[in-house]
Amino acid sequence: MMEYIMIIIVLFIVMLLYFKIADKYNIIDKPNHRSAHTQITLRGGGIIFPVAFIIFGLFNPSLVIEEYWSFGLGLLAICTISFIDDIRTLSNKIRLSVHLISVILLLYFTGAFALMPFWVWPILFVVIIGTLNAYNFMDGINGMTGIYSLVTLGSLAYINREIIQFTDHDFIYYPILACFVFLFFNFRKKAKCFAGDVGSMGIGFWVIGLITLLIMRTGEYKYILLLAIYGMEVVLTIIERIFLKENIFEAHRRHLYQLFANEEKVSHLVISSVYAIVQLFINIFLIHSHFPIWAIVLIVFIPAGGVYLGLKLSLKKKYSL
């Protein structure tokens with residue numbers, strides 16, 4: 001317990017030091033017509049996630065050298081390129097190249113290359129890179145990335161301790177501690193900082209790595225649904241934008257959470273909490289369900305998708321969007 005308290009203190013100090021650096025070098029997020037916020041805020045607070053892994057490595061050097069080195073390299077690579085992109089816009093080719101290298105390292109870490117046939121590898125690349133970008137797309141309002149990740153990581157910690165141990169316990173606890181510290185500064189009406197790409201990509205990479213590792217250890221693909229709400233939101237929004245003949249790679253305000261935040265003026269903290277709570281209920285059902293995966297998918301997505309589409313159509317009609 002004392003170790004975790006000390007880590008929290010260290011992470012708080014790191015965040016406060018970063019705020020001074022970000023303020024000095026003007027690393028900020030300026031609101032625009034597509035933003036869900038209205039005030040200039042420090043960007044890049046999600047740097048705490050790669051720092052959490054570095055601390056994990058300092059406390060567990062032999063473990064990292066033997067087992068977690070490839071994951072660590074992938075995490076640090078994707079966080080570094082994302083942090084640079086937070087400061088100055090990079091070309092898509094550079095970002096995607098680093099993302100691809102990071103995903104290769106992640107799949108090596110999880111043993112996917114040895115466990116899955118060759119023809120599945122491209123599918124894994126597409127799914128993981130797509131999920132990473134979904135994490136980034138959903139990082140648009142205060143509290144969303146932190147509290148949603150906290151629910152997913154908490155569910156993974158429960159699975160690891162009570163159902164099947166698929167990784168070292170601290171490998172899940174450290175990002176949980178980082179989420180608590182980040183949320184202290186972000187889960188506010190007026191956030192002290194935003195995660196930035198370094199945060200959304202960093203914690204997304206960690207969460208996806210854990211879920212992939214769990215799937216490879218158990219052969220249970222149902223655990224993909226630990227990110228069901230994010231997945232449903234992003235996929236349905238992309239389909240909507242394709243129908244509207246919009247460029248799906250351009251920033252937009254068509255996500256349901258954006259409509260509630262921007263048009264309905266619902267509190268960011270309320271929206272983020274609702275998303276996290278819905279995902280928590282799905283996780284509880286998922287963990288304790290013994291249905292086949294096709295049945296779980298139907299049970300989860302039919303009601304959730306129906307509610308989602310109903311709310312979105314109602315808001316679009318109300319505001320003539």
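How many helices and strands does the secondary structure of the protein chain come to? Select the whole chain and colour by secondary structure: there are 13 helices and two strands, where helices (H or I, at least four residues) and strands (E, at least two) are DSSP runs numbered from the N terminus. The radius of gyration is 19 Å, close to the 20 Å that the globule rule gives for 321 residues, so the chain is as compact as a globular protein of that length; the radius is taken over C-alpha atoms, and the rule is 2.2 Å times the number of residues to the power 0.38.

The model is predicted: local features need pLDDT of at least 70, side-chain atom pairs count only at pLDDT 80 or more, and totals for chains, interfaces and linings use all residues. Residues are numbered from 1 along each chain as its sequence is written, and side-chain values use heavy atoms, without hydrogens and water.

Next, display the C-alpha trace, which spans about 60 × 55 × 40 Å along its principal axes. Of the 321 residues, 53% count as buried, that is, under 20% relative accessible area (1.4 Å probe, protein chains only). Contacts (heavy atoms within 4.5 Å) may be drawn next: among those between residues at least 6 apart in sequence, 72% join residues at least 24 apart.

Now select Asn60, in the loop between α2 (48-59) and α3 (61-87). Asn60 counts as buried because its relative accessibility is 16%. Finally, add Asp170 and Tyr174 to the selection: Asn60 touches both, not counting residues up to four places away in sequence.

Terms used. Buried means under 20% relative accessible area, exposed over 50%, partly exposed in between (1.4 Å probe, protein chains only).
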